[in-house]
Every structure is written in C-alpha cells, then in structure tokens.
Amino acid sequence: MSMKKESPYDIQLHLAALNGNLPLIVKLLDSGRVYVDCKDKEGTTPLILAAANGHFNCVSELIDQGADPKCKRSTGTTALFFAAQGGFLNIVNFLLDNGAPIDSPSLDGGRPLFIACQCGHMDVVKELINRGANVNAQMKDRATPLFIASQNGYYNIVLFLLSHGAEPDVRRIDGATPLWIAAQMGHDYIVSTLLKSGAFVDSSRHDGATALFKASHKGHSSTIVELLKYHPSLGVLANGESALHAAAFSGNQSVCKQLLAAGASANLKNQDGFTASDIALQQGHKELHKFLRRFEKNRS
C-alpha cells in the first residue's frame with residue numbers, strides 16, 4: 001500500500017513530538033491541518049515518537065486528542081513497545097490505562113515485555129507482568145522473556161520471571177535454553193537460579209553442545225562450579241566432543257583441572273579419535289598438552 005505523502009504540518013508535528021514541544025503540538029492540532037495519527041514512511045505516529053523519547057506530557061496530550069495507542073510502525077512496534085524500551089514507567093502505565101494492547105507483537109514476535117527484559121528495566125517488567133503480559137510468550141525464533149533476561153545477565157528479572165511462572169526449559173529454534181545461553185555468557189548466578197528452578201543441566205543446542213561444554217569452551221570457571229553441582233555429562237556429547245576437549249581447545253588449564261577433578265576422563269576420544277591432550281597440542285597449547293598427558297592412563 002502506498003502511504004500518502006507527508007505534509008509540512010505532518011513533519012512539524014512529528015518533530016514536535018520527538019522533541020517534546022508540547023505548545024507546538026497543541027498549536028498544530030488546534031489548526032485542524034494535521035491528523036493526530038499521521039504516519040511517516042516507517043509508519044511512525046507522533047504518539048510513538050513522544051513515547052519513545054519519554055515525553056509524558058506530550059503522550060498525554062496526544063491521547064487526549066484521540067491518538068490511537070494501537071497504531072504500529074511498519075515493523076509492528078507500538079508506542080508501548082518504545083516506552084518499555086526506554087524504561088518510561090509512567091508512560092507505560094498511562095498507555096495501558098488508555099487501551100494500549102499489552103502483548104501486541106512486532107513482526108519478529110517482540111513484545112513490550114521482551115524489550116523491557118532486554119534493556120533491564122525491572123520496574124517495567126514487573127508492571128507488565130502484574131497487568132497480565134504473557135510471561136511465556138515467544139519471539140519468532142521462540143526465545144522467551146526468560147531467555148532474553150538470562151542472556152543479558154539480569155539476575156533480578158530472571159528471579160521475578162521464574163516466580164511468575166516462566167518455564168525454565170523452553171528452547172529457542174536452535175535448541176538453546178535459558179540455561180544454555182546463561183552458561184555461554186558466564187552468568188553464574190543465573191545458571192545457579194535456573195538449575196534450582198529445575199532447568200535440565202544437559203539440555204543441548206541442536207549441534208549437541210551442552211551448557212557445560214559452552215562454559216568450558218569460554219573458560220567460565222564460576223559457572224562450571226554451579227553446573228557441576230548438578231552432575232552434567234562429562235562424556236562425549238552428540239557434537240562428538242566432550243567438555244574437556246572444549247577446555248583443551250581454548251587452552252584453559254584451570255578449567256581442565258576443574259573437569260578432571262569432577263571425574264572427566266583424559267582418555268576420552270572425540271569423533272576424530274583425538275584426546276584432549278591431542279587437541280591442546282594441535283592448538284599450540286604445549287604446557288596444557290603436557291599437563292593433560294599426565295592424566296591419561298596407559299597411553300602407548
């Protein structure tokens with residue numbers, strides 16, 4: 001569909017909303033020459049601009065003048081989405097009180113709750129959940145609010161979501177769970193909390209990599225401590241490698257020590273027939289190669 005061309009008044013109203021110029025907004029709307037929900041080529045309305053930039057008085061005036069909080073940009077995002085992104089709780093509340101749809105998804109499935117979790121706005125997350133936002137909604141890639149909060153390291157938001165019914169083991173399309181992404185990022189407190197909430201320690205991405213494998217590869221020692229409490233697999237995984245191989249690949253001796261102490265076998269061979277010490281040597285980690293060789297039993 002072709003958008004009608006913006007008039008100079010439309011452009012003025014958009015700039016006024018963007019800049020929080022309330023007197024100019026009133027003047028333009030009173031002139032009768034401009035429609036309160038006029039859109040630019042991206043489908044952005046003045047209300048969306050005012051909400052995104054934290055101009056509460058302008059949001060209030062635009063709503064009073066009949067602006068529709070359900071309007072979406074061409075990407076599907078609403079004024080509420082942008083208020084949540086900015087962490088503007090007063091605007092979030094006002095929009096919800098005036099009929100803004102709480103779970104209106106964008107084209108990629110993003111909702112106001114997702115962006116609040118991504119940006120770490122705890123007060124907005126609380127408000128949205130308390131007003132009925134779906135805690136287990138999913139993006140197009142099936143990521144949940146819990147996944148996004150776990151990925152970004154927002155411990156308090158993770159706790160809040162779990163206490164409000166977030167499912168700990170929902171997988172993204174690639175198979176990654178909140179635990180998997182938290183382990184990869186090295187967010188040890190979040191890993192611990194997810195495990196306490198019943199997250200499966202060995203859930204793997206579709207390539208077979210588990211949380212322990214990722215944490216071992218990245219060298220996240222304190223995360224590994226938390227994972228080991230739940231007896232993850234130390235053997236060869238569906239990806240043909242073990243966590244010890246991952247640590248050897250990265251050259252991390254302290255992680256190799258951790259895994260060996262937990263019962264990992266230095267004799268394990270990966271899909272190509274190599275032990276962890278072989279991998280260490282291939283990657284040029286000579287000291288680690290020597291160290292791992294000492295743990296191999298009866299190597300000929």
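Is Glu296 buried or exposed? At 10% relative accessibility, Glu296 counts as buried. The cut-off for that word is under 20% relative accessible area, and you'll meet it again below. Bear in mind as you look around that this is a predicted model.

**Salt bridges**

Glu296 has a charged partner, so to speak: its side chain meets that of Arg293 in a salt bridge, at 3.9 Å from N to O. Arg293 itself is partly exposed, with a relative accessible area of 35%, whereas Glu296 is buried.

How many salt bridges turn up in a search of the whole structure? The search finds 7. Here are some of them, with the distance between the N and O atoms.

| Salt bridge | N to O distance | Relative accessibility of the two residues |
|---|---|---|
| Arg131 and Asp97 | 2.8 Å | Arg131 35%, Asp97 54% |
| Arg205 and Asp207 | 2.4 Å | Arg205 23%, Asp207 36% |
| Arg293 and Glu296 | 3.9 Å | Arg293 35%, Glu296 10% |

Let's take the Arg131 and Asp97 pair, whose closest N and O atoms are 2.8 Å apart. This pair links distant parts of the chain, 34 residues apart. Arg131 sits in the loop between helix H8 (122-130) and helix H9 (145-152), while Asp97 belongs to helix H6 (residues 89-97). Arg131 counts as partly exposed, and Asp97 is exposed. There's a third member to add here: Asp97, Glu127 and Arg131 are linked in a network of salt bridges.

The bridge between Arg205 and Asp207 has its closest N and O atoms 2.4 Å apart. Arg205 counts as partly exposed, at 23%, and Asp207 is partly exposed too, at 36%.

**Around helix H1**

Now have a look at helix H1, which covers residues 8-19. Pro8 is found in this helix and is exposed, because its relative accessible area is 61% and exposed means over 50%. Try finding Val34 from there: Pro8 and Val34 are 26 residues apart in sequence, yet their C-alpha atoms are 9.3 Å apart in space.

His14 also has its place in H1, but this residue counts as buried, at 7% relative accessibility. What does the side chain of His14 reach at 2.9 Å? It is the backbone oxygen of Cys38. Leaving aside neighbours within four places in sequence, His14 is in contact with Glu6, Cys38, Lys39, Asp40, Thr44, Thr45, Pro46 and Leu49.

Leu18 lies in H1 as well. Along with Ile11 and Leu15, Leu18 makes a nonpolar surface patch of about 240 Å². At 34% relative accessibility, Leu18 counts as partly exposed.

**Cysteines**

Cys38, the residue whose backbone oxygen is reached by His14, brings us to the cysteines. A disulfide is a covalent bond between the sulfur atoms of two cysteines. How many disulfides does the count come to? The count is 0 disulfides. Cys38 is in no disulfide, and the nearest cysteine sulfur, belonging to Cys71, is 10 Å away. A pair would have to be within 2.5 Å to count, so that distance rules it out. Cys38 is buried, at 4% relative accessibility.

Cys117 is in no disulfide either; for this residue the nearest cysteine sulfur is that of Cys119, 9.6 Å away. Cys117 counts as buried, with 0% relative accessibility.

**Helix H15 and Gln184**

Further along the chain, helix H15 spans residues 243-250. Why is H15 described as largely enclosed by the rest of the structure? Because 6 of its 8 residues are buried. Those buried residues are Ala243, Leu244, His245, Ala246, Ala247 and Ala248. They pack against a set of other helices: H13 (211-218), H16 (253-261), H17 (276-282) and H18 (286-293). After H15 comes Gly251, whose phi is positive, near 80 degrees.

One more residue to visit is Gln184, which lies in helix H11 (residues 178-185). With a relative accessible area of 17%, Gln184 is buried, since the limit is under 20%. Which residues does Gln184 touch once neighbours within four places in sequence are left aside? Gln184 is in contact with Lys214, Lys218 and His220.

Technical notes: Residues are numbered from 1 along each chain as its sequence is written. This is a predicted model: local features need pLDDT of at least 70, side-chain atom pairs count only at pLDDT 80 or more; totals for chains, interfaces and linings use all residues. Side-chain values use heavy atoms; hydrogens and water are left out. Helices (H or I, at least four residues) and strands (E, at least two) are DSSP runs, numbered from the N terminus. Buried means under 20% relative accessible area, exposed over 50%, partly exposed in between (1.4 Å probe, protein chains only). A polar contact is a pair of N or O atoms within 3.5 Å; within protein, one must be able to donate a hydrogen and the other to accept it, and residues adjacent in sequence count only if both atoms are side-chain atoms. Contact means heavy atoms within 4.5 Å. Patches are made of residues with over 30% relative accessible area and no salt bridge: like charges are joined within 9 Å, nonpolar side chains (Val, Leu, Ile, Met, Phe, Trp, Tyr) within 5 Å. Accessible areas come from the Shrake-Rupley method with a 1.4 Å probe; for residues, only the protein chains shown count as cover. A salt bridge is a side-chain nitrogen of Lys or Arg within 4 Å of a carboxyl oxygen of Asp or Glu.
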